[in-house]
Amino acid sequence: MNAPSTMTSAVRPATAAERAARAEANGGEPTLEFAERTPYDAYVHAGTLHTLQQTLSKDPGEMSFLMISQVMELYFGLVRFELRETQRLLGEDDVYGALAPLRRCALHLDGLNAAWQTLRWMTPADFNKFRNLLGEGSGFQSAMYRHLEFLLGLKTASLVRPFKRQDDVYHDLLASLNGPSLWDDVIALLARQGHDIPAELLTRDFAEEHEAHPAVEAAWVAVYAEDTPGNLLRQLGEALTEVAERFDVWRHKHLMAVARTMGAKVGSGGSNGYAWLQRSMARTVFPELWSARTHM
Ligand code: HEM
């Protein structure tokens, strides 16, 4: 995501004084002449982005399906970026700092969820117009979505298998699977901040899905019991709750989109569709953050 490319070299930094001088020279109008391609394109790669909408059919409805999938992929990447940034800051015990990427993450998830809005027109008849051409292609094969699940603590080792033939993707995903999730990092933070967390939770095999633990639940009950403005852990708990809830909203809206466009038919990715997704959704993100509320 951060890799500089030769294309970004056309973006030249400018100072406030240079901007002011240019605006004055332009008489208030935007600049219209550039020696090379526009700095906007050099930065956003808009030209490249707009070459990626390669539909498989002539059905005009397919364009929204493809582009919304691409928009969601980009959001998945952005959410992953924020989750990793949160992990980095928590690793440095910077709880206040970690609130910022978590806040951004929740807002990005709002944007991601709003994208479902533009697929609401699609009936089964509309979907059927191009569905066969997708073959075995399914969002289930989104490596970036799987990163999100792993980072959020939903770990299913077998789900890296589809990517075995894509070296970089596979190894990157394995690293997310085998490394601590954000939830593991939060639990380690709770331990460092004096909460009574059993050692086995800190040294466990992170590729295994974390099972809700009473000690973590008790720690959150204690954190929330302290109702003071300086209680950063409580603010962290709420920020994580915002993320977990919005991620669930994505899963729910996806399930509704599936119900609307294909009912209980089998999926293109080989699963039994709605029923499989419902099972997948049953896994809870940050489980003790929810269960602790019963004891507050
Ligand atoms: C309304 C159109 C859609 C339908 C009918 C649909 C259908 C399905 C089905 C049936 C599955 C289960 C796996 C399988 O294919 O057998 C699935 C999984 C998935 N789809 Fe969609 N999908 C739709 C739109 C999207 C879009 C726009 C995205 C965004 C990229 C997406 C992302 C995913 C992901 C990430 C999974 C895996 C979920 C999990 O592991 O729990 N889907 N989809």
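Here is a short chat about this predicted model and what was computed from it.

Residues are numbered from 1 along each chain as its sequence is written. Local features need pLDDT of at least 70, side-chain atom pairs count only at pLDDT 80 or more, and totals for chains, interfaces and linings use all residues, while side-chain values use heavy atoms, leaving out hydrogens and water.

Reader: What secondary structure does the chain have, and how many helices are there?

Author: Helices (H or I, at least four residues) and strands (E, at least two) are DSSP runs, numbered from the N terminus. The chain has zero strands, and its elements read α from the N terminus on. The count of helices is 13.

Reader: Which protein atom is the donor to the iron of the ligand?

Author: Donors here are N, O and S atoms within 2.8 Å of the metal (3.2 Å for Na, K and Ca), and because water is not among the atoms, sites may look incomplete. The iron has a single donor from the protein, 2.1 Å away. The residue belongs to helix α11 (residues 232-262). That donor is NE2 of His254.

Reader: Is helix α9 largely enclosed or open, and how many of its residues are buried?

Author: Buried means under 20% relative accessible area, exposed over 50%, partly exposed in between (1.4 Å probe, protein chains only). Among the buried residues of α9 are Trp183, Asp184 and Asp185. Their cover includes α4 (61-91), α5 (95-114) and α11. Helix α9 (residues 182-192) is largely enclosed by the rest of the structure, because its buried residues number eight of the eleven.

Reader: Which residue in the loop between α12 and α13 has a positive phi?

Author: The loop runs between α12 (274-281) and α13. The residue has a phi of about 55° although it is not a glycine. It is also buried, with a relative accessible area of 1%. The name is phenylalanine 286.

Reader: And which residue takes a positive phi in the loop between α2 and α3?

Author: That loop sits between α2 (39-44) and α3 (46-49). The phi is about 55°, and the residue is not a glycine. It's histidine 45.

Reader: How far apart do the C-alpha centres of domain 1 and domain 2 lie?

Author: Domain bounds come from an automatic or database domain assignment. Domain 1 covers 6-49 and domain 2 covers 63-295. The C-alpha centres of the two lie apart by 37 Å.

Reader: What share of the chain's residues is buried?

Author: The chain has 296 residues, and its C-alpha atoms fill a box of roughly 65 × 55 × 35 Å along the principal axes. The buried share is 39%.

Notes: Contact = heavy atoms within 4.5 Å.
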